[in-house]
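I opened this one to see how the chains meet and what sits inside them. My notes follow in the order I looked things up.

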Number of protein chains: 2
Amino acid sequence: MPDVTGKVRIAIDAMGGDFAPDEIVKGAVLAARKGDADITLVGPEDVVREHLEKNGATPDLVRVVHAAEVIREGEAPAHAIRQKRQSSIVVGIKLVRSGDADAFVSAGSSGAVAAAAATYLGMVQGIERPTIGGGFSSFAPNIVVMDLGANVDCKPHQLVSFAIAGTVYARTIYGIENPTVGLLSTGSEEGKGNELAKDAFPLLRDSGLNFVGNIEGGDILMGKANVIVCDGFVGNVILKFYESIGDRARVWLMGKYPSIRGLVGFIFDRVLPIKKLSYEGEEEGSGILWGVDGVVRIAHGACRAEHIVHGVVAASKAASVDIVGNLKKEIAYLTEQGRLNKGGQ
Amino acid sequence: MPDVTGKVRIAIDAMGGDFAPDEIVKGAVLAARKGDADITLVGPEDVVREHLEKNGATPDLVRVVHAAEVIREGEAPAHAIRQKRQSSIVVGIKLVRSGDADAFVSAGSSGAVAAAAATYLGMVQGIERPTIGGGFSSFAPNIVVMDLGANVDCKPHQLVSFAIAGTVYARTIYGIENPTVGLLSTGSEEGKGNELAKDAFPLLRDSGLNFVGNIEGGDILMGKANVIVCDGFVGNVILKFYESIGDRARVWLMGKYPSIRGLVGFIFDRVLPIKKLSYEGEEEGSGILWGVDGVVRIAHGACRAEHIVHGVVAASKAASVDIVGNLKKEIAYLTEQGRLNKGGQ
């Protein structure tokens, strides 16, 4: 879907995130200067242009699409996207729908982005609700955990759709031909776990995916499965827990060995960049919004300019490898095999 | 409850655990030689005596109580404890009931130990089912996460009983006078999270405990709350995940910096004993069985002799500080305040 220049076209929500618009515009300018993608910023035109100038951007470096309104963190998503049709989130999503952008990146309210995407792009047939998955970078480069918080109190068949999206994720983004799928539970045998895990197990086994059974918390980083499916409550808690450990290790080591505080600081800051474990790769606790009929990437609310650059790279890749087309193909294949109608999917 | 010698009397399941009876008996002998507790081993007398001799124990070092049967990992707990009344688990629990031991330690089937304890010791009034909590040692010395896997698909009022037990845990074991209680969820504001968290929030707020609201995954190790309550599915996944990170960090660092493999190995093995994060303290992923009317400690199935020594120390402390009496007092106090009957407790 690249434009005539051959570049992927990425629309960025200028007003989303804790440090918007400053850090977002700065990131957009950095991404545009890299030259791999055509960048469009979506937001109030005067505000965006002022920040572009501040960052020394020439007028033709970044396109600006005007969006007068801003949806704030904490607004009820469904209500907000209905009321604020001129918001940067709604306008940005519509650029993807109209084909004027190949992907949309936002660090704004993830609930509002998901609601706008589901409403204006629609869902891929066979998937009920948008889901977010992602790798736990650093220690585990070839895994994707799904869902990471977009869906809580899941039904068993939702875990099957996470498994399908995760399989396409691992295949298209990581290049793993036949990704293994594991069900997160409290024991390795079938029948271990809570009601959700027990009910999802046979659905996953019969899904036609490469299901390897239950995996436990200690297996997540060990590569026992490429795709790990769980309720978004569990996924969210684990991801945030994981992200906290690097800082905690640093503080703990300094407290325990005060005489080597300097060395510990040096090691964590310079030699081994594991201060924030998940900041190693490009995922950084954010990710592609799966299941919607278009490429949308939700970035961390706390993201800075360099994370926007990462987000653009990741969104470009997702658009280039056609994640949506691949997801549709996977669902069509599994449906054709007669797998997906078993067990109420 | 110490005997005439002033020592706490600990009964140990000689037949429970992956390395029983060898490592268990070895651990019991080490604990007995330390001299802080009177040790009784429960199991087939000939087998236990043979292993005691192998470890050079004098005949009066450790008492042996005969139990002919063994409950294996994987047997259905309720069925097993009914069928095998001469098992080391049932006989050991009964030593606590009869007052012949102050506490029982087992590395056997945790389901069977919990079932036997609930059946033969009974539950403390106001608590429905046994629960296991514990600290995540190393990085977070003053927290207890409860439940760690004994109870899944919890009801909101169960989280309140975890909070009560956790409060008594933090007060008696950690010496924190007025422990803070946090509800694990996916956002910090009330109303964030799944149905369980949303429904448990008002019950905890009105419980009379020192409730500080929701805490997120990233807050667990940060000391935002001393007691962190969650469904046992989530607690179990997080604990096992946590325990895996030390080894994973070591492997990852060695792979990423092959030229300093030796240094990494040295650091993890000798200087900073965080190869297994949770092996730092005495908890080690096992813990006191809370809610039953007696002191019972469940040890890791994979535990070795030194962990049995730790288990004896921890069980001795739990008996000495009278965790059960304190739990009863806390429940009586909260009930008297009229707190516990709100919201269906």
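**Entry 1: the interface**

I started with a charged pair: A:Glu216 and B:Lys240 form a salt bridge across the chains, with the closest N and O atoms 2.4 Å apart. I should say right away that this is a predicted model, so I read every distance here as a computed one.

α7 (195-205) and α8 (232-256) of chain B each give at least two residues to the side of chain B that touches chain A. I then asked which element gives the largest share of that side. It is α8(B), with 15 residues. Sorted by class, this side of chain B holds 23 nonpolar, 9 polar and 7 charged residues.

How many salt bridges does the rule find between chain B and chain A? I got 2. For polar contacts across the interface, I got 6 residue pairs, both partners at pLDDT 80 or more.

Next came the contact list: 39 residues of chain B are in contact with 39 residues of chain A. The area buried between the two chains is about 3800 Å², and carbon and sulfur atoms give 73% of that. I looked for the top contributors on the chain B side: B:Phe139, B:Phe233 and B:Phe241 supply 19% of the area that chain B buries against chain A, more than any other three residues.

**Entry 2: the nonpolar core**

I pulled up the largest nonpolar core, which has 186 residues. Which members touch the most others? They are A:Phe136, A:Ile220, B:Phe136 and B:Ile220.

I picked A:Phe136 and listed its contacts, leaving out neighbours within four places in sequence. Within chain A they are A:Ile143, A:Val145, A:Leu148, A:Ile220, A:Leu221, A:Ile238, A:Leu239 and A:Tyr242. A:Phe136 is also in contact with B:Phe241 from the other chain, and B:Phe241 is one of the three phenylalanines I had noted for buried area.

**Entry 3: helix α5 of chain A**

I checked α5 (residues 110-120) of chain A for burial and found A:Ala112, A:Val113, A:Ala114, A:Ala115, A:Ala116, A:Ala117 and A:Tyr120 buried. What do these buried residues pack against? The partners, in chain A, are the helices α3 (77-83) and α4 (88-97) and the strands β4 (103-106), β10 (287-290) and β11 (295-298). Just after α5(A), I noted a positive phi of about 80° at A:Gly122.

**Entry 4: A:Asn194**

A:Asn194 sits in the loop between β7 (180-184) and α7 (195-205) of chain A. Is A:Asn194 buried or exposed? A:Asn194 counts as buried because its relative accessibility is 11%, and the cut-off for buried is under 20%.

Not counting residues up to four places away in sequence, A:Asn194 touches B:Val152, B:Asp153 and B:Phe233. On its own chain, a polar atom of the A:Asn194 side chain lies 3.0 Å from the backbone nitrogen of A:Ala197. I also ran one long distance: the C-alpha atoms of A:Asn194 and A:Pro44 are 48 Å apart, with their positions 150 residues apart along the chain.

**Entry 5: salt bridges**

Over all chains the rule gives 23 salt bridges. I went through three in chain B.

B:Arg9 pairs with B:Asp102, closest N and O atoms 2.7 Å apart. This pair links distant parts of the chain, 93 residues apart: B:Arg9 is in strand β1 (residues 8-13) of chain B, and B:Asp102 is in the loop between α4 (88-97) and β4 (103-106). B:Arg9 counts as buried at 18% relative accessibility, and B:Asp102 is buried too, at 3%.

B:Glu45 and B:Arg49 meet in a salt bridge at 3.1 Å, N to O. Why are they about one helical turn apart? Because they are 4 residues apart in helix α2 (residues 45-54) of chain B. B:Glu45 is partly exposed at 31%, and B:Arg49 is partly exposed at 34%.

B:Asp293 and B:Lys328 form the third, closest N and O atoms 2.9 Å apart. Again distant parts of the chain are linked, 35 residues apart: B:Asp293 lies in the loop between β10 (287-290) and β11 (295-298) of chain B, and B:Lys328 lies in helix α11 (residues 323-336). I get B:Asp293 as partly exposed at 31% and B:Lys328 as partly exposed at 38%.

Last look, over in chain A: salt bridges with shared partners join A:Glu190, A:Arg205 and A:Asp206 into one network.

Technical notes: Residues numbered from 1 in each chain as written. Chains lettered and ligands numbered in written order. Predicted model: local features only at pLDDT ≥ 70, side-chain atom pairs only at ≥ 80, totals over all residues. Heavy atoms only, no water. Contact = heavy atoms within 4.5 Å. Buried area = accessible area lost by both parts, 1.4 Å probe. Salt bridge = Lys/Arg side-chain N within 4 Å of Asp/Glu carboxyl O. Polar contact = N/O pair within 3.5 Å; in protein donor to acceptor, adjacent residues only side chain to side chain. Nonpolar A, V, L, I, M, F, W, Y, C, P; charged D, E, K, R; others polar. Core = buried A, V, L, I, M, F, W, Y, C linked by side-chain atoms within 4.5 Å. Buried < 20%, exposed > 50% of the residue type's maximum accessible area, 1.4 Å probe, protein only.
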